[in-house]
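Trainee: I'd like to learn how to read a structure like this one. Could you walk me through it?

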Amino acid sequence: MIVHAESAGVAVQTLLGAAEPAYSGEPLRWARFLPATEAEGPGLRAAVWVQGCRVHCPDCFNPQLWAPRGGALADPVEIGAQWLAAARAAGATGLTLLGGEPFEQAAALAPVAQAFRAAGLSVMAFSGHSLRDLTRWATRRDDIAALLGATDLLCDGPYLREHPDTRRPWIGSANQGIRALSPRYADEVRRIDDSGRPDTLEVRIGADGLVSVNGWASDAALSALFHDLGVRADRPQERVA
């Protein structure tokens, strides 16, 4: 695996993410899709959160996605075509794969990533496994090799709450790497490694009042943000007779 540029982070001994994910030939199990976001990678991107993760990082930002059940099941080719159409309509320039753990569903996600790449869009993936381990497993696992081969930008390694990183975007702890696996984002990764870059957090409030968050922030930062939202401007006003 050629790495064209990387911000490798610091070396920390941990067993999290060291176990090889089991092969899955099941349909894709996914939990959430956004056709466009600016918080999950460079530029405007579509993003899909898959359901299921066995890494189980303490204080994970998405522990609701650990369970191997839940979410929705879909044929990868069919849902990938739908996501590609939605991403193009929204003006997205790429797709980000999050979770959950994308490489636990490498066989199902590889054709999705390949469809986006074939259409000229980029692919970014997050993994709780290290690139070193993924590359080693890929030598005998066609599913992992296929997903790695269709990935332009990889954020790798488990989240370690004891080593927070607020200097670099997208990742949460200093051990995690940001690696350009194709030339597409090599210059951006070099800039991040040299100078850092602020992270982005998106908060969406639906018409039904449902609040959804993507991007990365600490619990303290989220609490401060929600406290500062104040009273909704369209809240019904009491009338005094």
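Mentor: Let's start with a cut-off: a residue counts as buried when its relative accessible area is under 20%. Cys-155 comes in at 2%, so it counts as buried. Keep in mind that this is a predicted model.

Trainee: Where does Cys-155 sit, and what is it in contact with?

Mentor: Cys-155 is part of strand E7. Setting aside neighbours within four places in sequence, its contacts include Met-124, Ala-125, Phe-126 and Ser-127. Trp-170, Ile-171, Gly-177 and Ile-178 are also among them. There's a spacing to look at too: Leu-131 is 24 residues away from Cys-155 in sequence, with 8.6 Å between their C-alpha atoms.

Trainee: Trp-170 turned up in that list. Is it buried or exposed?

Mentor: Use the cut-off again: Trp-170 has a relative accessible area of 7%, so it is buried. You'll find it in the loop between strand E7 (153-156) and E8. Its backbone deserves a look as well, since phi is near 80 degrees, a positive value in a residue other than glycine.

Trainee: Which other residue has a positive phi although it is not a glycine?

Mentor: Try His-56, where phi is about 60 degrees. His-56 belongs to the loop between strand E3 (45-50) and strand E4 (72-74). Partly exposed covers the range between the buried and exposed cut-offs, 20% and 50%. With a relative accessible area of 37%, His-56 is therefore partly exposed.

Trainee: And what does an exposed residue look like?

Mentor: Exposed means over 50% relative accessible area. Ser-195 has 62%, so it is exposed. Ser-195 is in helix H5, which covers residues 186-195. From Ser-195 to Arg-167 the C-alpha distance is 8.5 Å, with their positions 28 residues apart in sequence.

Trainee: Where is there a cis peptide bond?

Mentor: Look at the bond joining Gly-99 and Gly-100: it is cis, with omega about 10 degrees. Gly-100 is in the loop between strand E5 (94-98) and helix H2 (106-118).

Trainee: Let's turn to pockets. What lines the second largest pocket?

Mentor: The lining has 22 residues, and those nearest the centre are Val-12, Thr-14, Ser-130, Arg-132 and Asn-175. By type, the lining splits into eight nonpolar, 10 polar and four charged residues. The pocket's volume is about 460 Å³.

Trainee: Which helix gives the most to that lining?

Mentor: That's H3, with three residues. Helix H3 (131-138) and strand E8 (177-180) each supply at least two.

Trainee: How about the chain as a whole?

Mentor: The protein chain has six helices and 10 strands. Of its 241 residues, 46% are buried. The accessible surface is about 12200 Å², and carbon and sulfur atoms own 53% of that. Now take the contacts with a separation of 6 or more: 70% are between residues 24 or more positions apart.

Trainee: How far can I trust the coordinates?

Mentor: Check pLDDT, the predictor's confidence in each residue on a scale from 0 to 100. The chain averages 90, and 83% of the residues score at least 70. Over residues 233-241, though, pLDDT is below 50, and this stretch has zero contacts in the model beyond near neighbours in sequence. Where pLDDT is low, don't read the predicted coordinates in detail.

Definitions and conventions
Residues numbered from 1 in each chain as written. Predicted model: local features only at pLDDT ≥ 70, side-chain atom pairs only at ≥ 80, totals over all residues. Heavy atoms only, no water. 1 Å grid on protein atoms, 1.4 Å probe; cavity = no way out; pocket = protein on both sides within 12 Å on 5 of 7 lines; lining within 4 Å. Points joined across faces, edges and corners; volume = space filled by probe spheres on them. Helix = DSSP H or I, 4+ residues; strand = E, 2+ residues; numbered from the N terminus. Nonpolar A, V, L, I, M, F, W, Y, C, P; charged D, E, K, R; others polar. Buried < 20%, exposed > 50% of the residue type's maximum accessible area, 1.4 Å probe, protein only. Contact = heavy atoms within 4.5 Å. Areas by Shrake-Rupley, 256 points an atom, 1.4 Å probe, with all protein chains shown as cover.
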